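Thanks, everyone; I would like to walk through a few local features of one structure this morning. Please have the sequence and the coordinates open as I go.

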Amino acid sequence: MTTISTDVRTVLDALGVTPAQTQGGTLKVVSPVDGAVVAAVPETTPAEAATLIGQAHQAYLEWRAVPAPRRGEFVRLLGEELRAAKPALGRLVSLEVGKSPSEGLGEVQEMIDICDFAVGLSRQLYGLVIQSEREDHRLTEQWHPAGVVGVISAFNFPVAVWSWNAALAFVCGDSVVWKPSEKAPLTALAVAAIMARAAQKFGGVPKGLLTMLIGGREVGEALVDDVRVPVVSATGSTRMGRVVGERVARRFGRAILELGGNNASIVTPSADLDLTLRAVAFGAMGTAGQRCTTMRRLIVHESVYDKLVPKLASVYKSISIGNPITSDALVGPLIDGRAYESMQGALAEAKKAGGIVHGGERVDINGPNSFYVRPALVEMPGQVGPVCDETFAPILYVLKYKDLDEAIALHNGVPQGLSSSIFGTDIREIETFLSARGSDCGIANVNMGTSGAEIGGAFGGEKETGGGRESGTDAWKAYMRRQTSAVNYGRKLPLAQGVKFDI
Ligand code: NAD
C-alpha cells in the first residue's frame, strides 16, 4: 500500500522537484489528507532573502528591455508546460492542501487560463493619446514595467494565486519574488521547476526572474519591507493584510491586497429553488469551505425559507465527506487542527447567540491527525456574533428577511466585501442588487453562488477584503508604472493654463 508520503515523492519526481529540495529542512509539510509529515523543506533566511531580492532586481533590469510580445511568448511556453504538468500538479495540490481531484485540476486550469490571457495582453498594454490644450503638443500616457513584484500567497489556492500575479507581471516586464504559504511550499517548488522548463524552451530568461522565499511570516516581512520591491501583492487573512498594507505604505510601495471574505447570497421569492439548492451546496461546502469566496451567509426570504432550508439541511446531512485522494467525496479535510478548533469555536458562539446548528461534527476518515468535518448549516436569529467574521471552514449561517432593502442591509452589514450573489427571476430585484444601492462587493453574481470566478474578470473585493484587483480586464495596470508625457514639436513655448513667463 502506498502512503501519502510516497505518493507525494512520486508526484514531485514527475514534476522535477529533487529530494534535496524537500528533505532535511526546518519547514515541516503536513498533508491534511492524513496528517502525515510528507517533507521538511529548507527555509530561506532573511539575509538570503535580501540577496535573492537583489537578483530579482537585476533580472527586472534585463527583462524590461525584452519586447512585451516576446515576454508573452515566454508566458505562452509556461502555459504549455502547465498543460503538460496538469495531472501531476493537480494531484500535488490535492495531496498538499486536501482539495478534491477535480478542484486540484481546476486550480491548474486556472493557471493555464491566465497564461493564455496574459499572452494576448502582451500585445495590448495600451497607453493613451490625450488632446493637448497647447498648440503643437502631443500628450500621451504610457505604461512601463514596475520592477520587482512580491507575491505572498495563502494555502488555499497555493499555485493559482501566484499565476494570476506572475503571468501578468511577466508580460508587463517585471520579475517576481514569491513567498508561498508555509503550509504549501511543495506545489510552489513544483511551479518553479515547471517555470525552469519553460525558460529553457524560451532560450533562457534572466536569473532571478522568478525567485522563491520559503518560510513563514518572518521571510514574508523581509519582502514587504524591501524598497526594491515596488509592488507587493498579498493574499491571505485580513489580519495579515492589515500589517502588510501598513508596512508597504510606510515605504511608499504599492500593495495589492486580496484578503478575507464573508460572502452572502440572497434568495428572493422568485428564485428557482432547485438551482439555488445546487448552487448553495457548491458555494458553501466546496473546498470544505476554504475558499475566500466560499458562501458564508444565506439570506432567505420568509416566503421560501421553509421550502429551501429543510432541503438544504438534508443535503448537508448526506453530502459525501472523504479522502480526496482515494475517494470521489465532495468534501475533503480542513487544512489543520487549528482550522477545526476555530470552526468549533464559531459554532459554540453561534449556539450561544441563539443559532440552531445542523452538522459541524468531526468525521473520522483518516485517523486522529487529520481533520474532516461535516459542513455546518446554522439557522441564526440575526446577524450577530460569529456571523460577522470570516471563519475559514464550512459554516453557512442562514438568516430570514422580509423585504429586499432589509436583505441588502444585512448583506452589506459586515466588514468584508469580496463576493456576493442573488437568486431570483424578478428583474427589479436583480437589478437593484446590481445597482449602486445593492451589493457593496467586488463580485456580484446572479443565479449562481459566490465562488468559482473566471479569470477574465478583475478579481477582488472592497472594505476589509483590501480593495485589490487581480487577473482579468485592466488588473495589469497595477503591475506597471504610468507615465504621462508631453512633447512640444513647435517653436513656441506655450505654458499650460495660459501662464506667462517671458524672460
Ligand atoms: P494567512 O493570512 O495566514 O497567510 C497568508 C500568507 O501571508 C502566508 O504566506 C503567510 O506566511 C503570509 N504572512 C502572514 N503574516 C505576514 C506578515 N506579517 N508579513 C508577510 N507575510 C505574512 O492566510 P491563510 O490561512 O494562508 O489563508 C486563508 C485566508 O486567505 C482567508 O482569510 C482567505 O479568505 C484569504 N484568501 C483571500 C483570497 C482573495 O483573493 N481575496 C484568496 C485566497 C485566500
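S314 is a residue of helix α11, and I should say straight away that what we are looking at is a predicted model. Is S314 buried, partly exposed or exposed? Because it has 13 C-beta neighbours inside 10 Å, S314 counts as partly exposed, the exposed class ending at 12 and the buried class beginning at 20. Although S314 and H358 are 44 residues apart along the chain, their C-alpha atoms are separated by 9.3 Å.

Staying with α11, which covers residues 302-318, let me turn to its packing against α10, residues 273-285, where the angle is about 40° and the axes are 10 Å apart. That angle makes α10 oblique to α11, and the crossing of the two is right-handed. On the α10 side the contact is made by L273, T276, L277, V280 and A281, and these meet V304, K307, L308, K311, L312 and V315 of α11. By type, the residues of this contact divide into 8 nonpolar, 1 polar and 2 charged.

As for α10 itself, its 13 residues reach 18 Å from the first C-alpha to the last, which is close to the 18 Å expected at 1.5 Å a residue. Which residues of α10 are buried? They are T276, A279, V280, G283, A284 and M285, and they pack not just against α11 but also against the strands β10, β11, β16 and β18. Just after α10, T287 takes a positive phi of about 55°.

That brings me to two further backbone cases with positive phi. F252, which is not a glycine, has a phi of about 65°, and its place is the loop between α9 and β9; with 8 other C-beta atoms within 10 Å, F252 is exposed. S471, likewise a residue other than glycine, has a positive phi near 80°, but S471 is in strand β22, residues 470-471, and it counts as buried because it has 27 C-beta neighbours inside 10 Å.

Finally, a second helix pair. Helix α4, residues 68-97, packs with helix α5, residues 101-121, at an angle of about 175°, and their axes are 8 Å apart. The angle therefore makes α4 roughly antiparallel to α5, and the residues of their contact divide into 13 nonpolar, 5 polar and 6 charged.

Conventions. Residues are numbered from 1 along each chain as its sequence is written. This is a predicted model: local features need pLDDT of at least 70, side-chain atom pairs count only at pLDDT 80 or more; totals for chains, interfaces and linings use all residues. Axes are lines fitted to C-alpha atoms, for helices over the stretch in contact, and angles run from 0 to 180 degrees between N-to-C directions. Helices (H or I, at least four residues) and strands (E, at least two) are DSSP runs, numbered from the N terminus. Angles under 35 degrees count as roughly parallel, over 145 as roughly antiparallel, 65 to 115 as roughly perpendicular and the rest as oblique. A crossing is left-handed if the near helix is turned anticlockwise from the far one by less than a right angle, and right-handed if clockwise. Two residues are in contact if their C-beta atoms, placed from the backbone, lie within 7 Å. Ala, Val, Leu, Ile, Met, Phe, Trp, Tyr, Cys and Pro count as nonpolar, Asp, Glu, Lys and Arg as charged, and the others, Gly among them, as polar. The expected span of a helix is 1.5 Å times one less than its number of residues.
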